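Reader: Please show me the protein with its ligand, and then let us discuss how the two are arranged.

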Amino acid sequence: MTAISDASSAPTIAAGALGELPSDRTYDADVIVVGAGPSGSAAAYWLATAGVDVLLLEKTTFPREKVCGDGLTPRGTRALVDMGIDVSEEAGWLHNKGLRVIGGGLRLELNWPELASFPDYGLVRPRADLDHLLVQQAVQAGARLHEQTSVTAPILDAQGRVVGVTAKAGAGAGEKTEHSYRAPVVLACDGVSGRFALALGMQRNDKRPMGVAVRRYYSSPRTNDDYLESWLELWDGPPGADDARLLPGYGWIFGMGDGSVNAGLGVLNSSAGFQKTNYRTLLTTWLDNTPEEWGLREENALCPTQGAGLPMGFNRTPHYRNGVLLVGDSGGSVNPFNGEGIPYAMESGKFAAEAVVQALARPEGAGRERALAGYPAAMAAEWGAYYRLGGVFVKLIGNPAVMRACTRHGLPHPRLMKFVLKLLANLTDPHDGDASDRIITALTKVTPALR
Ligand SMILES: Cc1cc2nc3c(=O)[nH]c(=O)nc-3n(C[C@H](O)[C@H](O)[C@H](O)COP(=O)(O)OP(=O)(O)OC[C@H]3O[C@@H](n4cnc5c(N)ncnc54)[C@H](O)[C@@H]3O)c2cc1C
């Protein structure tokens, strides 16, 4: 097996081994899911709920940390409710009623819209908890979870179709054992690295949007906040001061409700600063210029600054090929308008499960393939046009002059900003909505879908 080269230092997934499957196909599960983040756990939950035998392979052990902003819009709330998760405050969730937008010298609080399709509140919860709850829900529905099991390669049959995976299981280096698991369908839910897809030669499309984001926790009196706070401009001095310079990127400060805040920033690949900036320094520079009393200073930091990529706008496709479905970050499903990834990971997990359930009810062959092709079709129908518009948006706001003009001229108009919030957070009622819903629906209808 040849190792796939990848810039990251994390272990790579090797390219597939040909013809390893015996001719009398025996499978270890109906479906193998690689990775138990929000996409993998949601897919496993929906598959198991439909009675499918799912093997969920995860390289870590829960609860485990994941670098994230920990914020959810009502789209995330809906996805959790859909999976039967109790999202009440009594169950430990922090509710928020909207987005506070800061930029152009203004500060605007916008409540989440009142819609039939979505609840009117968002949530905050550390990923260590959120991902643990999701995987527990999948296991309760019947998924078989193997933790500390790192998938190392796809197994291919003689036709080049993926029919399983090899994996290393165990904790310490000396204790790892090699395994192979076989299934007629594999879901790659291994996150932004996309290593499973890479091992099959499925590269990222660098022309589509991509971001990098970093975050750090601070103890802060701003820990209780009814709004998610988003900064459209970051400055290296007091905002508006004559000698203050505009920095690349967009920031957030989310109260965690436990005495801490999650503060972070993201930079898009359309920005001149992308990959030419020290993101950790950028975060500190910005936060050093926020009010002293918020406490966002080195001495109150609770952890080092950590970061990861934000794969957006379907930047890895096709979403289905040769027995493998790319789900969540692995298929670049982060919303390019606002960098939100968790709900899209969970929803794409559901779309994948729906296609696989139908596929498994058909014999292997053309009929099953048609059902599996339903997954990329569903992704394109749901977000393809919206993400194409998102790609244009990312290019436009990569130009600081355009961004400044939008901030200066947009923010002073609350009605316009309500519309912008619906567009950016992808929160509309497709049927029976108001005028702004109808405009957004019409826009996505006339835009050709990305695939
Ligand atoms: C700094 C930052 C802030 C963010 N803030 C937000 C936010 O506030 N709200 C939001 O909605 N989104 C946010 N996102 C995006 C969000 O984190 C992702 O979109 C989301 O986690 C994608 O879920 P996933 O299941 O596709 O992948 P992941 O959550 O990355 O899960 C992948 C899983 O696969 C496992 N895995 C990987 N390789 C293997 C292997 N070889 N074998 C077995 N298991 C494997 C991993 O351990 C992991 O558990 C943020 C991202 C970053 C980087």
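The questions below concern the ligand site, the domains and some backbone features.

Reader: On what basis are the values given, and from which number does each chain start?

Author: This is a predicted model, in which local features need pLDDT of at least 70, side-chain atom pairs count only at pLDDT 80 or more, and totals for chains, interfaces and linings use all residues. Side-chain values use heavy atoms, with hydrogens and water left out, and residues are numbered along each chain as its sequence is written, from 1.

Reader: How many residues surround the ligand?

Author: A residue belongs to this shell if one of its heavy atoms lies within 4 Å of the ligand. The closest are S39, E58, G69, G71 and D329. Counted in this way, the shell holds 38 residues.

Reader: Which residue has a polar backbone atom 2.7 Å from a nitrogen atom of the ligand?

Author: A polar contact here is a pair of N or O atoms within 3.5 Å. The side chain of S39 places an N or O atom 2.8 Å from a ligand oxygen atom, and K59 brings a backbone N or O atom to 3.1 Å from a ligand nitrogen atom. The residue at 2.7 Å, through its backbone, is G69.

Reader: Why does the ligand lie between two domains, and which are they?

Author: The bounds come from an automatic or database domain assignment, which gives domain 1 (31-95 + 124-206 + 312-386), domain 2 (210-310) and domain 3 (400-446). Residues of the shell come from two of these, so the ligand lies between domain 1 and domain 2.

Reader: What area is buried between domain 1 and domain 3?

Author: In contact, meaning heavy atoms within 4.5 Å, are 10 residues of domain 1 and 6 residues of domain 3. Buried area is the accessible area (1.4 Å probe) that two parts lose on being put together, summed over both. Carbon and sulfur atoms give 60% of the total, which is about 690 Å².

Reader: Which residues of domain 1 lose the most area to domain 3?

Author: Three residues together account for 61% of what the domain 1 side buries. They are R75, F337 and Y386.

Reader: Which residue has a positive phi although it is not a glycine?

Author: The loop between β2 (54-57) and β3 (71-72), strands being DSSP runs (E, at least two residues) numbered from the N terminus, contains P63. A cis peptide bond, with omega of about -5 degrees, joins F62 to P63. Also in the loop between β2 and β3, with a phi of about 70 degrees, is D70.

How values were computed. A polar contact is a pair of N or O atoms within 3.5 Å; within protein, one must be able to donate a hydrogen and the other to accept it, and residues adjacent in sequence count only if both atoms are side-chain atoms. Helices (H or I, at least four residues) and strands (E, at least two) are DSSP runs, numbered from the N terminus.
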